[in-house]
Amino acid sequence: MLSIKNDTKINEGRGKGSGASYLPWIQTREISSVGTCSNPKDWKTGRTVELLSQGEAYYWHILRWNDEIEDIREQYPLDLETTLEICDDYNVKHPRNRHTYMTSDFYVTYKDGKEKVFSVKPSRNVLKKKRAKEKLAVEKVYWEKFRHVPFEIVYKDEMNIVLAENIRMVCMFYDLSSVFDEMSMLKHYIATKKIQVDMESEPLDFQYLLEIYRVVLPEVKGDSLECSQH
């Protein structure tokens, strides 16, 4: 694990900003389990996202697909003095040590102004572990008592992974500049919701969908797009 001091992260602006300017407190290069990390591009802001587990990756895609959501800030730092106060009040050991900032997986802002925080865990079995329950309790108290923001735990094994993977496959082509043939144009149209398909039930059969929707797609000739419809 790459150790970076708190002062350095603060000076870098970690945990600050929103949208394209947000900087997560933790980056994937700083943790040891790089095999489970991923860095997708946020197709709505253009920012590279720092996801530390497969569960986070699945849920980030599901959240990002929701048009009611304005912004998603991952690896969001909690105020250290507040989490220390909570741990002292409840006689719980602070995670790692008393100099380590806790983070929440996703701090979500909705277009109507509401906010919500999500913690991603592999399964409900985590609740059988005393220490894991203590840390989640600290996080919940922080957000709901001190910040008045709803907090929810979500579990990887209860997510719709088909939906998450379908979103990932099409949103690689969200930007028109990434389109290079009729198949990528189809995915672009699905990603931008110009074509509505069932994303949740089964993996998308893109060849089948192309046969159905080819008639409504603009032509792609070489590196240029023909804007006229068939």
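This is a short tour of a predicted model, going from one strand to the cores and then to the cysteines.

**Stop 1: strand β1**

Select residues 69-77, which form strand β1. Eight of the nine residues in β1 are buried, so color by accessibility shows a mostly covered strand. Now add residues 103-110, which are β2. The two strands, β1 and β2, pair in the antiparallel sense, over seven bridges. To find one of these pairings, pick Ile-72 and look across to Val-108 in β2, its bridge partner.

**Stop 2: Glu-74**

Stay in β1 and select Glu-74. Is this residue buried or exposed? Glu-74 counts as buried because its relative accessibility is 0%, and the cut-off is under 20%.

Next, show the side chains of Glu-74 and Arg-47: they make a polar contact at 2.8 Å. Then show the backbone of Glu-50. Its nitrogen lies 2.8 Å from a polar atom of the Glu-74 side chain.

To see the wider surroundings, select the residues in contact with Glu-74, leaving aside its neighbours within four places in sequence. They are Tyr-22, Pro-24, Arg-47, Thr-48, Val-49, Glu-50, Ser-104, Asp-105 and Phe-106.

**Stop 3: the largest nonpolar core**

Phe-106, a contact of Glu-74, also leads into the largest nonpolar core, which has 38 residues. Select Phe-106 with Tyr-59, Val-170, Leu-186 and Ile-190; these five touch the most other members. Two or more residues of this core come from each of α2 (54-65), β1, β2, β3 (115-121), α5 (161-171), α6 (182-191) and α7 (206-213). Which element gives the largest share? That is α2, with seven residues. In soluble globular proteins, nonpolar side chains tend to be buried together.

Center on Val-170. Leaving aside neighbours within four places in sequence, its contacts are Trp-65, Lys-187, Ile-190, Ala-191, Met-199, Leu-204 and Phe-206.

**Stop 4: the second core**

A separate core holds 16 residues. Select Val-117, Val-138, Val-141 and Trp-143, which are among them.

**Stop 5: the cysteines**

Select Cys-87 and Cys-171. Cys-87 is buried because its relative accessibility is 1%, where buried means under 20%. Cys-171 has a relative accessible area of 8%, so this residue is buried under that cut-off too. How many disulfides does a search of the whole structure find? The search finds zero.

Definitions and conventions
Residues are numbered from 1 along each chain as its sequence is written. This is a predicted model: local features need pLDDT of at least 70, side-chain atom pairs count only at pLDDT 80 or more; totals for chains, interfaces and linings use all residues. Side-chain values use heavy atoms; hydrogens and water are left out. Helices (H or I, at least four residues) and strands (E, at least two) are DSSP runs, numbered from the N terminus. Buried means under 20% relative accessible area, exposed over 50%, partly exposed in between (1.4 Å probe, protein chains only). A polar contact is a pair of N or O atoms within 3.5 Å; within protein, one must be able to donate a hydrogen and the other to accept it, and residues adjacent in sequence count only if both atoms are side-chain atoms. Contact means heavy atoms within 4.5 Å. A nonpolar core is a set of buried Ala, Val, Leu, Ile, Met, Phe, Trp, Tyr and Cys residues joined through side-chain atoms within 4.5 Å. A disulfide is a pair of cysteine sulfur atoms within 2.5 Å. Two strands pair if DSSP finds at least two bridges between them.
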